[in-house]
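Reader: I should like to discuss this model strand by strand, and then turn to its helices and side chains. Please give your reasoning with each reply.

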Amino acid sequence: SIENKSSLYLAFFRIFGTVVIRSVNEYTVALAEVILRYTKLRLFTTDSRMEWFFKDEIPCIEESEIRPGKDVLIIGDVADDGVFDVSFHCIGPVNAFHNVFFLQGQGTFSPDKTRFAELVIDEGAGIGSVLNNLYRFREALSKIGLIPVVRREKVGHFSVAFLEQYFNLKLENPEANNDNTVFFPEMSTLAATMFLDWVNPEMNLSILGDKFLSDMKEYADAIIGDRRILGVLIRGTDYLIVHKDGPRKMAGVDDMIPVIHEWIDSFGYEGIFLATEDSDILSRMRDEFGANVCVIAQERHSVSDLAGHMLLSELEKENASDYERSVAESTVNYFYALYMLSRCSAFLCSGPCNGYDLAVGFNGGRYERVRLFKNT
């Protein structure tokens, strides 16, 4: 409904001064009415059929008259919906419509009566993805006055009780109910919106619970202290299977060893802290650097262990007698490793991953040097 102004995300138009609609359909007609009624944007069309709905309110121009620019939004044809423009300057009509009407798409027509929002995250999502999505969701919701909640026992495959114990999330609220909560059944309903895509919360130590952080600090003080240690994160196991190619392809341990030697020789690091879930990578690093390699004690696997599985979580679920406890232990170990990396003097990472983002965020800009291996 166009009449419910408060349920329209008009902030989508905030960076634009001009809108050009290339094709008339039910989506662009609704958007044109929103723009004319609630904004002061300059609105043009290249489709003369727009006169059927708005007479002479929207000037019709030739395609050659379109001047793309940083303050120009071009709403194209339906075919453009298949291409995601991260700048949101040239998008399809369905995407543009969803950017403005996404709250109504979830059944919310009176946001003044809505206080909370609930998001369901994919069951296979790792802890880094879960935290990133929850914090992005929280920051985005804060801009429209909503509070994120969880009214079920799990987020992904992590229990809410576990997440509340170790992280600063505050997911539970007894006042949330069906009448005052908008429900998003999956992340994809928001993934292509400026509302969420342009939110990039800072993932620093504030996301951790006080006791969890205190325990990790005590551990790092004992292991690292004031020594200049080189932190190395090398992803293996399922990451090597899922990301064989593309931007998240990992550098191999043999690709990184020459750089590790170079940094130790050039900058005098006193030891290596290695974060990896891969037993083969740990063996190779210990063969190369011996007792200089320090790690968190945890269960590790090799790629060969994953025969018949795409994800490490599938293997762990199949083999664990108490899967929820196993997930909790491995997640706690993962964050101990990330915190240890953040306490190092320098950092090498095998490729783009949530672990890299979290370690850098926890470090707070104190690294002497950082290198992220990229598949370019």
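Reader: Which residue is the bridge partner of Thr-18 in strand 2?

Author: This is a predicted model. Strand 1 (residues 18–21) and strand 2 (residues 42–45) run parallel and are joined by four bridges. Within this pairing, the partner of Thr-18 in strand 2 is Arg-42.

Reader: What is the handedness of the β-α-β crossover from strand 1 to strand 2, right-handed or left-handed?

Author: After strand 1 the chain passes through helix 1 (residues 26–38) before it reaches strand 2. The two strands run parallel. The crossover is right-handed.

Reader: Which residue of strand 3 is the bridge partner of Ile-21?

Author: Strand 1 is also joined to strand 3 (residues 72–75), again by four bridges and with the strands running parallel. The partner of Ile-21 in strand 3 is Ile-75.

Reader: Which residues of strand 1 point the other way from Thr-18 and Val-20, and are they buried or exposed?

Author: Thr-18 and Val-20 point one way from the strand, and both are buried. The residues that point the other way are likewise buried, and they are Val-19 and Ile-21.

Reader: Where are the edges of the open sheet with the order 6-5-9?

Author: Three strands make up this sheet, and their pairing is parallel. Two of them pair on one side only, and these are the edge strands. They are strand 6 (147–149) and strand 9 (181–184). Neighbouring strands of the sheet are turned against each other, direction ignored, by an average of 30°.

Reader: In strand 6, which residue is the bridge partner of Ala-117?

Author: Strand 5 (residues 116–119) and strand 6 run parallel and are joined by three bridges. In strand 6, the partner of Ala-117 is Pro-148.

Reader: Which residue of strand 14 does Ala-346 stand opposite?

Author: Strand 14 (369–372) is an edge strand of an open sheet of five strands with the order 12-11-10-13-14 and parallel pairing. Strand 13 (residues 346–349) pairs with strand 14 over four bridges, in the parallel sense. In strand 14, Ala-346 stands opposite Arg-369.

Reader: How far from the centre of the ring of Phe-267 is the charged end of Arg-369?

Author: Arg-369 stands opposite Ala-346 in strand 14, and its charged end sits over the ring of Phe-267. Arg-371 also has its charged end over a ring, that of Phe-373, 4.2 Å from the centre. For Arg-369 and Phe-267 the distance is 3.5 Å.

Reader: What span does helix 4 reach from its first C-alpha to its last?

Author: Helix 4 (residues 127–142) has 16 residues. Its buried residues include Ile-127, Val-130, Leu-134, Phe-137 and Leu-141. At 1.5 Å a residue the expected span is 22 Å, and the helix is close to this value, reaching 22 Å.

Reader: Why does Ile-207 count as buried?

Author: Ile-207 lies in the loop between helix 7 (194–197) and helix 8 (210–223). Asn-168 is 39 residues away from Ile-207 in sequence, yet 5.0 Å away in space, C-alpha to C-alpha. Buried means under 20% relative accessible area. Ile-207 counts as buried because its relative accessibility is 1%.

Reader: How many aromatic pairs does a search of the whole structure find?

Author: One aromatic cluster includes Phe-158, Phe-162, Tyr-166 and Phe-167. Tyr-334, Phe-335 and Tyr-336 are also among its members. Over the whole structure, the number of aromatic pairs found is 25.

Key
Residues are numbered from 1 along each chain as its sequence is written. This is a predicted model: local features need pLDDT of at least 70, side-chain atom pairs count only at pLDDT 80 or more; totals for chains, interfaces and linings use all residues. Side-chain values use heavy atoms; hydrogens and water are left out. The expected span of a helix is 1.5 Å times one less than its number of residues. Buried means under 20% relative accessible area, exposed over 50%, partly exposed in between (1.4 Å probe, protein chains only). Two strands pair if DSSP finds at least two bridges between them. A crossover is right-handed if, with the strands pointing away from the viewer, the path from the first strand over the helix to the second runs clockwise. Rings of Phe, Tyr and Trp (its six-membered ring) pair if their centres lie within 6.5 Å; planes under 30 degrees apart count as stacked, over 60 as edge-to-face and the rest as tilted. A charge sits over a ring if NZ of Lys or CZ of Arg is within 6 Å of the ring centre and within 35 degrees of the ring normal. Axes are lines fitted to C-alpha atoms, for helices over the stretch in contact, and angles run from 0 to 180 degrees between N-to-C directions.
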